[in-house]
Amino acid sequence: MENYLENSDFIQVREILDKSGKIIISTHTNPDGDAIGASLALFLYLKKRGFVVTVIIPDPYPEFLAWMPGAKEIKVFESDQERCKELIGESDLIVCVDFNNLSRLNELQTEVRNSGSGKVLIDHHLNPADEFDYKISFNKISSTSEMVYDFIGESGYRHLIDKEIAECLYTGIATDTGSFSYSCNYVKTYLITAELFRLGIDGEHIHRLIYDTYSESRLRLLGYAVSDGLIVLPEYHTAYIVLTKDDLIRFNYEVGDTEGVVNYALSIRDINLAALFMERDDQVKVSFRSKGNFSVDRLAREHFGGGGHRNASGANCFMTLTETVESFLKLLPEFRISLKNVYND
Ligand code: 5GP
Ligand code: MN
């Protein structure tokens, strides 16, 4: 067994799970491939074991994940509040996957916080909050999906991982590593991935379903973001993209359409910090990405009330778009040296 399970509440989680009847699985707002992949893999596995399980998410998942096995059974709190409240009320256990802080559940957090059900965390983000009864938290791993693979296997049920569960796990691993281009220097990730292929998944097809299903307006939004929205500050090794509410309306924005946009800003040579600022109704959604040892988790946590991983983080700011961008720009002089030397230890 990998040390991280031994050093976590794994044994307690396994025991409490065995004693539960009705289980809720939940994941973070704006769910991505790993959030949905890990949730659905756990959902399909627990259903196979005979539990009554429901996945409840705060707001809708992007259309490019709708093909995933079990996706149609996901309940969205935003549009089905009464039923979700009932299900949470009847549950014995709530398993929180791929996030580290209940505030990431948005409107759903009050329901989860006030529920008497046990709360378990399975997650790979830095700095998990102290508001879960049991934690399996480890950040030196590709994805929460990889943790779910370990969790099922070490619980003694590896034989229950079938092709559908493998498809969910692969989606989580592939999307959280940018198709094996970051958080991917661990041999174990590839051994698990090989196992998933042995179970019959079609990696090429999954890749097409996730990445080659853009709407025309999504691709044009990407083009606009990169050609008009991008600002490059070579002296700070920083590039950022700003998208206003009007930009999003103009390109018929749908959930998930800006997924990956920030990575284009980081793809410039010698740019070590990238940001995307997206104007929403009453807040600004910020995404940060970095190269090397510059921690955007710290940047998001200490200055924007967000968090994430060392090289990928995000936040929601309740300032105007201009104020948010200005507060970011004000910080850059302080980071000038560290942004220059991201590969020095
Ligand atoms: P993205 O920029 O793709 O939305 O998020 C990048 C990473 O940061 C993901 O791992 C995501 O879970 C995390 N993240 C995004 N927004 C927030 C936030 O508001 N708070 C925290 N704690 N993490 C966030
Ligand atoms: Mn993840």
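Buried here means under 20% relative accessible area, exposed means over 50%, and partly exposed is in between (1.4 Å probe, protein chains only). This is a predicted model, where local features need pLDDT of at least 70 and side-chain atom pairs count only at pLDDT 80 or more, while totals for chains, interfaces and linings use all residues. Residues are numbered from 1 along each chain as its sequence is written, chains are lettered from A and ligands numbered from 1 in the order in which they are written, and side-chain values use heavy atoms, with hydrogens and water left out.

**View 1. The whole chain, before we zoom in.**
The chain's secondary structure comes to 14 helices and twelve strands. Both are DSSP runs numbered from the N terminus: helices are H or I with at least four residues, strands are E with at least two. The C-alpha trace spans about 55 × 45 × 40 Å along its principal axes. A compact globule of 345 residues would have a radius of gyration near 20 Å, and the chain's 20 Å agrees with that. (That radius is taken over C-alpha atoms, and the globule rule is 2.2 Å times the number of residues to the power 0.38.) Of the 345 residues, 52% count as buried. Among contacts (heavy atoms within 4.5 Å) with a separation of 6 or more, 65% come from residues 24 or more positions apart.

**View 2. The manganese site.**
Four side chains coordinate the manganese ion (ligand 2): Asp34 (OD), Asp98 (OD), His124 (NE2) and Asp176 (OD), at 2.2 to 2.3 Å. Along the chain, these donors follow the spacing D-x63-D-x25-H-x51-D. Asp34 sits in helix H3 (residues 33-48) and Asp98 in the loop between strand S4 (93-97) and helix H5 (108-114), so this pair ties together parts that are 64 residues apart in sequence. Asp34 is buried, with a relative accessible area of 0%, and Asp98 is buried too, at 1%. A word on what counts as a donor: N, O and S atoms within 2.8 Å of the metal (3.2 Å for Na, K and Ca); water is not among the atoms, so sites may look incomplete.

**View 3. Helix H7 against helix H8.**
Here the axes of H7 (residues 163-176) and H8 (residues 187-198) come within 9 Å and cross at roughly 145 degrees. The axes are lines fitted to C-alpha atoms, for helices over the stretch in contact, with angles running from 0 to 180 degrees between N-to-C directions. From H7, the residues in play are Ala166, Leu169, Tyr170 and Ile173, and they meet Thr189, Ile192, Thr193, Leu196 and Phe197 of H8. The tally for this contact is seven nonpolar, two polar and no charged residues. For that count, Ala, Val, Leu, Ile, Met, Phe, Trp, Tyr, Cys and Pro are nonpolar, Asp, Glu, Lys and Arg are charged, and the others, Gly among them, are polar.

**View 4. Phe180, in the loop between H7 and H8.**
Phe180 lies in the loop that runs between H7 and H8. Its phi is positive, about 60 degrees, although Phe180 is not a glycine. Most residues other than glycine have a negative phi. At 24% relative accessibility, Phe180 counts as partly exposed.

**View 5. Leu44, further along H3.**
Leu44 is found in helix H3 and is buried, with a relative accessible area of 12%. Not counting residues up to four places away in sequence, Leu44 touches Pro69, Glu164, Ile165 and Cys168. The C-alpha atoms of Leu44 and Leu160 are 9.4 Å apart, with their positions 116 residues apart along the chain.

**View 6. Tyr224 and Leu243.**
Tyr224 belongs to helix H10 (residues 216-227), and Leu243 to strand S8. Both are buried: Tyr224 has a relative accessible area of 17%, and Leu243 is at 0%. Setting aside neighbours within four places in sequence, Tyr224 is in contact with Gly229, Leu243, Asp247, Arg250 and Phe251. On the same basis, the contacts of Leu243 include Leu221, Tyr224, Ala225, Leu276, Phe277 and Leu321.

**View 7. His237, in the loop before S8.**
His237 lies between strand S7 (230-233) and strand S8 (238-243). At 16% relative accessibility, His237 counts as buried. Beyond neighbours within four places in sequence, His237 is in contact with Asp270, Ile271, Asn272, Leu273, Leu339 and Lys340.
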